[in-house]
Amino acid sequence: MENSSDYILKVSNLSVTLQNQKILDNVNFKVEKGTTLAVLGPNGAGKTVLFKTLLNLVPYEGKIEWEGKVKIGYVPQNIAVGDIPISVKEFLSFRDGTDVASCLDAVRLEGKDVSDKRLGILSGGQLRRVLIAWALVDNPNVLLFDEPTTGVDIGGEEPILVMLNELKKSKKMTILLITHDVHIVNEYSDHLLALNRCVTFFGESKEIMNPTVQRTLYGETVCVGAPQR
């Protein structure tokens, strides 16, 4: 029998309509505590809108049930920092009482080398780590991450994914991440939610290597109503 205390999030019959256009249609899934859920789908599938809905930033129909003591950190896909004359230290210190050195250490950045640099001159990998540090300031137990390796050079992607995995274990976090990368799904997530406005697959991430599942993911959209697990 299912134990409801094992789940940090339950989404039931979730639909979102924006500007008279249906963005999400009857989405159902659950997230177990301490796991990583990968959200996969083509451009325009509603992935980022789903995250905004989970953060209660857009109107919706249906039910979103977070565990009572949930605290959420959010790392967006893109943030325009090129012309912002602000250092990493100043950025992280916007929240009172922030231990900048500890934040940077948590994301495997050497504070003395990075904290005085302007955001706009950081490498893609450094910037992603700083944004993760920002999301971790309030010690969340859930991290929403939109495209973990956006703007990161090849070779810098894997260390960020390894770091996220280590953070999940050390801080006992639950992670929801949006990705287009099958490798990320297969190697760094426990469960997969495939979206194309509706749910086309929901189950264990290892199933992404199943040819039948791949046809579902990349072929004609086939919606499913209820969680498959």
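A residue is called buried here when its relative accessible area is under 20%, and the close-up views below are taken from a predicted model.

**View 1. The stacked aromatic pair of Phe91 and Trp134.** A search of the whole structure finds two aromatic pairs, and one of them is formed by Phe91 and Trp134, whose rings are stacked at 4.8 Å centre to centre with 25° between the planes. The pair counts as stacked because its angle of 25° falls under the limit of 30 degrees. Distant parts of the chain are linked by this contact, since Phe91 belongs to helix H2 (residues 88-92) and Trp134 to helix H5 (residues 124-136), the two residues being 43 apart.

**View 2. The burial of Phe91.** Phe91 has a relative accessibility of 10% and therefore counts as buried, the limit being under 20%.

**View 3. The cavity lined by residues of helix H6 and strand E7.** One cavity of 30 Å³ or more is found when the whole structure is searched, and the volume of the largest cavity is about 50 Å³. Its lining is made up of Thr36, Leu161, Leu164, Asn165, Lys168, Ile175, Leu177 and Tyr188. Two or more lining residues come from each of helix H6 (157-171) and strand E7 (174-179), and H6 gives the most, with four residues.

**View 4. The chemical character of the cavity lining.** Sorted by residue type, the lining of the largest cavity comprises five nonpolar residues, two polar residues and one charged residue. Among the residues that line this cavity are Leu161, Asn165 and Lys168, which count as nonpolar, polar and charged, respectively.

Notes:
Residues numbered from 1 in each chain as written. Predicted model: local features only at pLDDT ≥ 70, side-chain atom pairs only at ≥ 80, totals over all residues. Heavy atoms only, no water. 1 Å grid on protein atoms, 1.4 Å probe; cavity = no way out; pocket = protein on both sides within 12 Å on 5 of 7 lines; lining within 4 Å. Points joined across faces, edges and corners; volume = space filled by probe spheres on them. Phe/Tyr/Trp six-rings, centres within 6.5 Å; stacked < 30°, edge-to-face > 60°. Buried < 20%, exposed > 50% of the residue type's maximum accessible area, 1.4 Å probe, protein only.
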